[in-house]
Each structure stands twice: as C-alpha cells, then as structure tokens.
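Hello,

Here is the structure I promised to pass on to you. Have a look at it first, and then read on for what turned up in it.

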Amino acid sequence: MSTPFKLELAHRPRRLRRTASLRALTEETVLRPQDLIAPLFVIDGPGGPEAVPSMPGVFRLNLADLAKECRALHELGVPAVALFPSIDPKLKDPDGTVALREDALVLRAVRAVKEAVPGMTVMTDIALDPYTTHGHDGVLTPDGGDVDNDRTVGILCQMAVLHARAGVDLVAPSDMMDGRIGAIRAALDEADFQGTGIMAYSAKFASAYYGPFRDAVGSAKAAGTHGISKATYQLNPANRREALIEIALDEQEGADILMVKPAGPYLDIIREVRNATNKPVAAYQVSGEYAQIQAAAKLGWLELERCRRESLLAIKRAGADMILTYFAKEMAVELGR
Ligand code: PBG
C-alpha cells in the first residue's frame, strides 16, 4: 500500500480541465472559418487541375475551376482568397514584363472570381518572381549584381494599379523591397483606388519553407541565380528586431494589414507584432509548413487533422487575426461539422 499523501493547495488548475464542458468553457482561442485565407494557384488555358507533388491536396486550377473553388470556399465561410499565377516559362523574361500585360493571367483570374463570387475578398501578390526568368522578386541592376530596389518598386506600383483596376480588394506586396508600401499607396491613390487596401508581407523571412511553393509557381530557380540570394531582401531568420523595424515602416507607409511569414516557426514574431501594432496581423502558414504535416501524416507518423488544427490554433493564439493557409478549405469543412 502506498503512503497517503495530501497536498494543501489553494490552486488546483486541473479542476477546470476535469470535464469536456469545463474545458470548452475555459477555451481562450477559437478558430473560425472566417479567420482563414485560401492561397490558390492559377493556370492559363483549359487544362484540368494539376497536382503539385510537394503539396498533396493542392492543385493549380484553370479559371473555371478557380471560380468553382471560390464558390465552395465562400459557402464554407472562408472570406478571402490569395491568387498566385503559374506562368508559362516561355512568357518569362528577366524583367518580368508579362506582369504588366493588360491580359495578364492574374487579372483575368481576379475578374473570374469577382464575377462568380462577388462577396469573396480577393488579394493578389505584388512581386515579380512568378514572371522573371531568374525567379527573383524584382528586376536586376544593369550589372546583374543585385535586385534593383527602386526600379522594382516602380514596376510594382504599376502592377498594383492594374490589379486594383481588375477589382482586387487587397494588394499584397511580397517582394520586401524598401519603400514599396508608401510608393504603392501613393500610386493607388493617384489612380483613384483609395479603397484598395494593402496587406504587406512585412516580416517575410528568407525561409527554406517556401520550397514547395516555388515548385507550384515555377520560381524555384531563384535561390541563388546570378549569384544573388533572396537573403538580400528577405529577413534573416535570426532577426527579431529587424522584423519589428520592417513592421513599423510598413505601418507608417500605410499598410492596412501587416503580415508575418512563415507562421509556425515564427510564433514569437507574430506575438511581438501583435503587441507592437493595433493594425490587423496576418500570418502565412507557408507551403513547407503544409508539406511537412502532409508528409508526416502520409508516413503515418502524425495525425493530419489534429496537427492541422493545432498548427492553426497556435498561430491564432500567437496573435494572428487571419491566417493564409493551404488547409483553409479542409479546416473550414471540419469547423463546419
Ligand atoms: C513570392 C512569394 C513566395 C511565397 C508567397 N509569395 C515565395 C518566395 O518568396 O519565394 C511563399 C508562399 C509559400 O511558401 O507558401 N513573392
């Protein structure tokens, strides 16, 4: 027989974990379909959905399928989609000029979604990587030794106005050039798009977790082309204060929503940003975060549904008001059950 042992405790936190209903009553963070933004990959032409091998369950969609997918997301209560075009390599050049064409794929995609589901919030990436042969987010300097910050920003401003004209609710500059938020805000206002918002990829880290995305849009070559690394514009994963500098600048320059990316490995940054600003905070659970959960689940090493939910809950708990995630649809389905 074991010796009786009694603690005299004023506090026994386990009391509130005793039953399912007590646990429900004391739950602090609640995930809702309306917290989610679905990133969607778009292809030109009539082709059927193309699987992205490193992202099981994710497909590149033609415009008709895109419209269908948006209708389904809308019915599930997902309020927003982020569109990413996958561009035919033959159309790419070093300056990414196809990004400025009036008939650019992404512009047609925006119109298709808005026509099919007028209530859907649509955002688009403002960066040149899907369009350039070298896969960098901007154009290069004449000697090819760097991404040309200011010339890139000029092009991004034109791009933002085109996207606004096509009807996006939010442009999302993901390029990490200096001064782009202020310049894009000014360009939008000048063109009378005062109502078009900016979701700034403010704290975007030079992350290995973007790998599967680069497969999906075919910008994989970028890592190191021309001897230039994306680390010359994206943040060093080691840096917290520098992330806060970027956040403060984007806020001052007129960003409506501030984003941290990736999300899961940067929960501390999400929390810091939440505490540093009163603007809405977005977090992007990126392709590699999605892929690692999918891969482990495929091997039978993790439970997909529980990890999916826990990963998103953690991002929200850290302080994100909204989450871009490739799990958006499945998560919304689960939340609606
Ligand atoms: C490009 C862009 C990237 C992502 C979103 N916009 C990749 C990159 O910077 O190479 C990554 C998203 C993901 O990994 O899911 N400007």
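Before the loops come up, one definition helps: helices and strands here are DSSP runs, with at least four residues (H or I) for a helix and at least two (E) for a strand, numbered from the N terminus. By that naming, M176 sits in the loop between β6 (170-173) and α5 (180-190). Please keep in mind that this is a predicted model.

M176 is a good place to start. Its phi is positive, about 65°, although M176 is not a glycine. Is M176 buried or exposed? With a relative accessible area of 3%, M176 counts as buried, because the cut-off for buried is under 20%.

A second residue of this kind is D192, found in the loop between α5 and β7 (197-204). D192 is not a glycine either, and its phi is near 70°. Here the surroundings are another matter: D192 is exposed, at a relative accessible area of 59%. These two caught my eye because most residues other than glycine have a negative phi.

The backbone has one more feature to show you. K261 and P262 are joined by a cis peptide bond, with omega about -10°. You will find P262 in the loop between β8 (257-261) and α8 (267-276).

Now to the interior. Which residues touch the most other members of the largest nonpolar core? They are V81, L83 and M199, in a core of 106 residues. Helix α4 (residues 149-166) is the top contributor to this core, giving ten residues. If you would like to follow one member outwards, try M199: beyond the residues up to four places away in sequence, M199 touches I37, M123, L170, V171, A172, P173, I257, M259, A282, M322 and L324.

S287 is worth a click too. S287 belongs to helix α9 (residues 287-298) and is buried, with a relative accessible area of 1%. Apart from neighbours within four places in sequence, the contacts of S287 are M55, Y209, Y210, G211, P212, F213 and Y326.

Finally, the surface. F5, L7 and L9 make a nonpolar patch of about 350 Å². Of these, L9 lies in the segment before α1 (20-25). At a relative accessible area of 42%, L9 is partly exposed, since that class falls between the buried limit of 20% and the exposed limit of 50%.

Enjoy looking around, and write back with any questions.

Best wishes

Conventions
Residues numbered from 1 in each chain as written. Predicted model: local features only at pLDDT ≥ 70, side-chain atom pairs only at ≥ 80, totals over all residues. Heavy atoms only, no water. Core = buried A, V, L, I, M, F, W, Y, C linked by side-chain atoms within 4.5 Å. Buried < 20%, exposed > 50% of the residue type's maximum accessible area, 1.4 Å probe, protein only. Contact = heavy atoms within 4.5 Å. Patch = residues over 30% accessible without salt bridge, like charges linked within 9 Å, V, L, I, M, F, W, Y side chains within 5 Å. Areas by Shrake-Rupley, 256 points an atom, 1.4 Å probe, with all protein chains shown as cover. Salt bridge = Lys/Arg side-chain N within 4 Å of Asp/Glu carboxyl O.
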